[in-house]
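Dear colleague,

Please find below the structure that I promised to pass on to you. My notes on what was found in it follow, and I hope that they will help you as you look through it.

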Amino acid sequence: EKNIDAPIIIIGSGYGGAVSALRLCEAGKKVVMLEMGMNWGKSGIPYSNLLKPDKSAGWLKTKTIAPFFNIFSLKPFTGVLDRLDFEHINIWVGRGVGGGSLVNGGMAVTPKESYFKEVFPNLDSDKFYNIYFPRARQELKVNIISEEFLKECPFYKFTRVGEEEAHKAGFKTMRIPNVYDFSYMEKEYKNEVPRSAFNTEVIYGNNHGKNSLDKTYLQKALDTGNLEILDLHSVDEINVNQDKSYTLKVHQIDTLGKTIAEKTFNCKKLIVAAGTMGTLKLLLKSNAVNNLPIPENLGKNWGNNGNFMTGRNWVKPLSGGTGAKQSTIPVAGVDNWNDPEHPFFAEIAPLPMGMDVATALYLQINRVDKKGSVYYVDDNLKVNWDASNTQKMRENADYFIKKMNRANGGTRAHLLFDNGFGANICYHPLGGCVLGEATNEFGKLKNHDHLFVLDGSLIPGTIGVNPFVTIVALTEYCIENLIQNNEFA
Ligand code: FAD
């Protein structure tokens, strides 16, 4: 069928899309979800790991695109990890039924309430901390590693070394909850079940252990019988019709990326949840190509969530470094957020190379003092972002690394990055379609009656921690109110 009618269409199956789908399906609505990536669960094709990249490793790429050590060639396939390259920033995203949940580290962090209030002064934070954040954590199956296991497990030496060194340098550390099932992990350690986190599986997908969205929200939505997911369906353009319904131009691809059908979808209600970059591209392009109305501030108030990668080489080389065996699932971070001079949070990240590289890797999350913007020109999405946007983040990274090296030895990680700083590495693009600015208070796009944006683009460029718990809580809040207000009647 080339021309399909559906009452409600959701574009994208990441966090925003999956939460919306579940709540609408529970309310008895029929929902069609269009996802450009593949349905891995259905396909039966296994995910590959960091040491043996295969089909899942790249979105139609000829070479691996992990942030480091890209020495592997690939046969193009609709894999789960994609990288969008802009002039001064590279942005990694997930592709597939489950979106970013398929490739991410699973760190499930609730923002500090004081910062949430600063970022969203108009939201009732009591309601968020009493209702929507707890609901998000419960549905996502967030859990915490046991301290005993952490203490004894050789796969967490990198964490123990990281914490010990941070404490020696005078920093505070914190435990980080995750959606990876730690009881599964304890069994994989004992070799009672197939290994996943202990088999270098993460950014090309986890075959076991991780409660990605296909196992939580999306599975629950499918169980209602009201959700249909069409994978390998990529939306190219959105048109609004005279009667205020929407028509979407869509192309269906095969696993080599070849178009196998051009289709048109018509719907009364449209939820755009294509992830920050996907949503901005669709809306800005539809505006450029066929005058889809968009608010003036669409694309503004965008940021990288303060993402800044840094690391140290020659970490404890004489006493076994950071460990040859490493879990892919991070469980600790350095919490320096309350330092007025150098506020940051730094994930103690694994570097599971299958050998001891005596290197410590940190993904820092900083404030975003200078926001950027996203726009569309000459058939291309562009990001207005350069070294001036990351200047303060670089100062924080420099401060952190110097203090760590002074207390513990080690050098800046020249092996990982040019001059030790990865300013261009971004996992958390946020904003551009900010809640209450480009949308109404519940995500309805301005200038529209039946188009809603529900994903990371609602968050104004920063949230101070890894973002998916916040994206889920915001979507829970918006969709509950939208349904109550009969927006989908
Ligand atoms: P997404 O999850 O990005 O979902 C959007 C979906 O829409 C995708 O599946 C995409 O394929 C689809 N899509 C896009 N355009 C179209 C189109 N035109 N037609 C059809 N479908 C389309 N966050 C954390 O909180 N903790 C972590 O540990 C963490 N680690 C990360 C590690 C990596 C390597 C990466 C890349 C991200 C990480 N993140 C982490 C970030 C987190 O995954 C994202 O913030 C989150 O997935 C964004 O959710 P979303 O709903 O906005 O969109």
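**Notes on the structure**

Just after helix 11, Asn486 adopts a positive phi of about 60°. Please bear in mind that this is a predicted model.

Helix 11 itself covers residues 468-484. How far apart should its ends be? At 1.5 Å a residue, its 17 residues should span 24 Å, and the end C-alpha atoms are indeed 24 Å apart, so expectation and model agree. The expected value is 1.5 Å times one less than the number of residues. Most of this helix is covered, with 14 of its 17 residues buried.

Helix 9 (275-290) can be checked in the same manner. Its 16 residues should span 22 Å at 1.5 Å a residue, and its end C-alpha atoms lie 22 Å apart, which agrees. Among the buried residues of helix 9 are Thr276, Met277, Leu280, Leu284 and Lys285. Just after helix 9, Asn291 has a positive phi of about 60°.

Next, the nonpolar core. In soluble globular proteins, nonpolar side chains tend to be buried together. Here the largest nonpolar core has 59 residues, of which Phe120, Phe128, Leu140, Leu227 and Ile271 touch the most other members. Several elements each supply at least two residues of this core, including strand 1 (3-11), helix 3 (113-119), helix 4 (125-140) and strand 6 (227-230). Which element gives the largest share of this core? That is helix 11, with 10 residues.

Finally, the ligand. It is surrounded by 36 residues, and the closest are Glu35, Gly100, Met107, Gly456 and Phe468. Three backbone contacts deserve your attention:

- Tyr15 has a backbone N or O atom 3.1 Å from an oxygen atom of the ligand.
- Gly100 places a backbone N or O atom 2.9 Å from an oxygen atom of the ligand.
- Met107 has a backbone N or O atom 2.8 Å from a nitrogen atom of the ligand.

On its own, the ligand has 1000 Å² of accessible area, and the protein covers 94% of this. By class, the shell around the ligand comprises 16 nonpolar, 17 polar and 3 charged residues. Helix 1 (15-26), strand 4 (90-94), strand 7 (233-240), helix 9 and helix 11 each contribute at least two residues to that shell. The largest share, 3 residues, comes from strand 7. Helix 11 therefore deserves a second look in the display, as it supplies residues both to the shell around the ligand and to the nonpolar core, and its length is as expected.

With kind regards

Conventions: Residues are numbered from 1 along each chain as its sequence is written. This is a predicted model: local features need pLDDT of at least 70, side-chain atom pairs count only at pLDDT 80 or more; totals for chains, interfaces and linings use all residues. Side-chain values use heavy atoms; hydrogens and water are left out. A residue is near a molecule or strand if one of its heavy atoms lies within 4 Å of it. A polar contact is a pair of N or O atoms within 3.5 Å; within protein, one must be able to donate a hydrogen and the other to accept it, and residues adjacent in sequence count only if both atoms are side-chain atoms. Accessible areas come from the Shrake-Rupley method with a 1.4 Å probe; for residues, only the protein chains shown count as cover. Helices (H or I, at least four residues) and strands (E, at least two) are DSSP runs, numbered from the N terminus. Ala, Val, Leu, Ile, Met, Phe, Trp, Tyr, Cys and Pro count as nonpolar, Asp, Glu, Lys and Arg as charged, and the others, Gly among them, as polar. Buried means under 20% relative accessible area, exposed over 50%, partly exposed in between (1.4 Å probe, protein chains only). A nonpolar core is a set of buried Ala, Val, Leu, Ile, Met, Phe, Trp, Tyr and Cys residues joined through side-chain atoms within 4.5 Å.
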